[in-house]
Amino acid sequence: YVNEAYGNYSSEFSASLTIHNTELDDTGYYTCTVSTIHHTSQASFEVHVYACPSKPLLSKVTELKQLELVCQSEGFPPPTTTWRRSTELLEDDGTRLSITYAIEDGTAVTSRLVLTDLTP
C-alpha cells in the first residue's frame with residue numbers, strides 16, 4: 001500500500017512513515033500498530049523537532065549618555081545570547097551596564113544591552 005501524501009509505504013515485511021517539511025508542531029509521540037487475525041502489537045517513540053537559531057537582528061538606540069543595543073533571534077529550543085566587546089565577555093554589573101532577556105512564544109529571544117553614563 002502506498003500513500004504518497006504522507007510518504008507511507010507498507011508491505012508484508014515493513015512499514016515506514018516519512019514527514020516532509022517538518023515543523024515544530026510535528027513534535028510528539030508516534031505509534032506503529034501491526035495486526036493479524038491472531039495478534040496485535042505496537043511500538044511507540046517520541047519525536048522532537050528542533051529549529052536552528054536564526055541570524056541575529058541587531059539594532060542600536062543612542063540617547064544622551066545612554067547606548068542601547070538590541071539583539072533578536074528565533075530558534076527551538078530558544079537560543080542563548082551573550083554579549084562581547086571585542087573578546088571580553090560582558091555581564092550585567094548592576095550599575096552602568098545592564099543586560100536583559102525576554103522569550104516570546106517559546107522561540108523568539110530579545111536581549112538588550114544598555115550602557116549608561118556615557119561621557120563624550
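Trainee: Which residues form a nonpolar patch on the surface?

Mentor: Leu 24, Tyr 50 and Phe 76 do. Together they have about 290 Å² of accessible area. Keep in mind that this is a predicted model.

Trainee: Where is Phe 76 found?

Mentor: Phe 76 is in the loop between β7 and β8, and β8 covers residues 83-85. Its relative accessible area is 33%. Partly exposed lies between the 20% and 50% cut-offs, so Phe 76 counts as partly exposed.

Trainee: Now the whole chain. How many helices and strands does the secondary structure come to?

Mentor: Zero helices and eleven strands. Read from the N terminus on, each element in the run is a β.

Trainee: How much of the chain counts as buried?

Mentor: The chain has 120 residues, and 17% of them count as buried. About 9700 Å² is exposed, with carbon and sulfur atoms supplying 54% of that area.

Trainee: What share of the contacts comes from residues 24 or more positions apart?

Mentor: Take the contacts with a separation of 6 or more. Residues 24 or more positions apart account for 35% of those.

Trainee: How do I read a sheet?

Mentor: Start with the general idea. Strands of a sheet pair through backbone hydrogen bonds, either parallel or antiparallel. Then trace the order of the strands. Here, four strands form an open sheet in the order β6-β7-β11-β10. The pairing is antiparallel.

Trainee: Which strands stand at the edges?

Mentor: β6, residues 57-63, and β10, residues 97-104. Each has a single partner strand, so one side of each is left without a neighbour in the sheet. Look also at the angle between neighbouring strands. On average they are turned by 15° against each other, direction ignored.

Trainee: How many bridges join β6 to β7?

Mentor: Seven. β7 spans residues 66-74, and the two strands run antiparallel. For a landmark, find Leu 58: its bridge partner in β7 is Cys 71.

Trainee: What joins β4 to β5?

Mentor: A hairpin, through four residues. β4 holds residues 28-35 and β5 holds residues 40-47. They pair in the antiparallel sense over eight bridges. One landmark is Ser 35, whose bridge partner in β5 is Thr 40.

Trainee: And which way do side chains point along a strand?

Mentor: In a regular strand the side chains alternate between the two faces of the sheet.

Trainee: Let's turn to charges. How many salt bridges does a search of the whole structure find?

Mentor: The general idea comes before the count. Side chains of opposite charge can pair when their charged atoms come close. The search finds two salt bridges here.

Trainee: Which residue forms a salt bridge with Arg 112?

Mentor: Glu 68 does, and the closest N and O atoms are 2.9 Å apart. Arg 112 lies in strand β11, residues 108-116, and Glu 68 lies in β7. The pair therefore ties together parts that are 44 residues apart in sequence.

Trainee: Is Glu 68 buried or exposed?

Mentor: Glu 68 is buried, at a relative accessible area of 16%. Arg 112 has 35% relative accessibility, so it counts as partly exposed.

Trainee: Which residue forms a salt bridge with Glu 88?

Mentor: Arg 85, with the closest N and O atoms 3.5 Å apart. Glu 88 is partly exposed, with a relative accessible area of 42%. Arg 85 also counts as partly exposed, at 48% relative accessibility.

Terms used:
Residues numbered from 1 in each chain as written. Predicted model: local features only at pLDDT ≥ 70, side-chain atom pairs only at ≥ 80, totals over all residues. Heavy atoms only, no water. Pairing = 2+ DSSP bridges. Axes fitted to C-alpha atoms, helices over the stretch in contact; angles between N-to-C directions. Salt bridge = Lys/Arg side-chain N within 4 Å of Asp/Glu carboxyl O. Buried < 20%, exposed > 50% of the residue type's maximum accessible area, 1.4 Å probe, protein only. Contact = heavy atoms within 4.5 Å. Areas by Shrake-Rupley, 256 points an atom, 1.4 Å probe, with all protein chains shown as cover. Patch = residues over 30% accessible without salt bridge, like charges linked within 9 Å, V, L, I, M, F, W, Y side chains within 5 Å.
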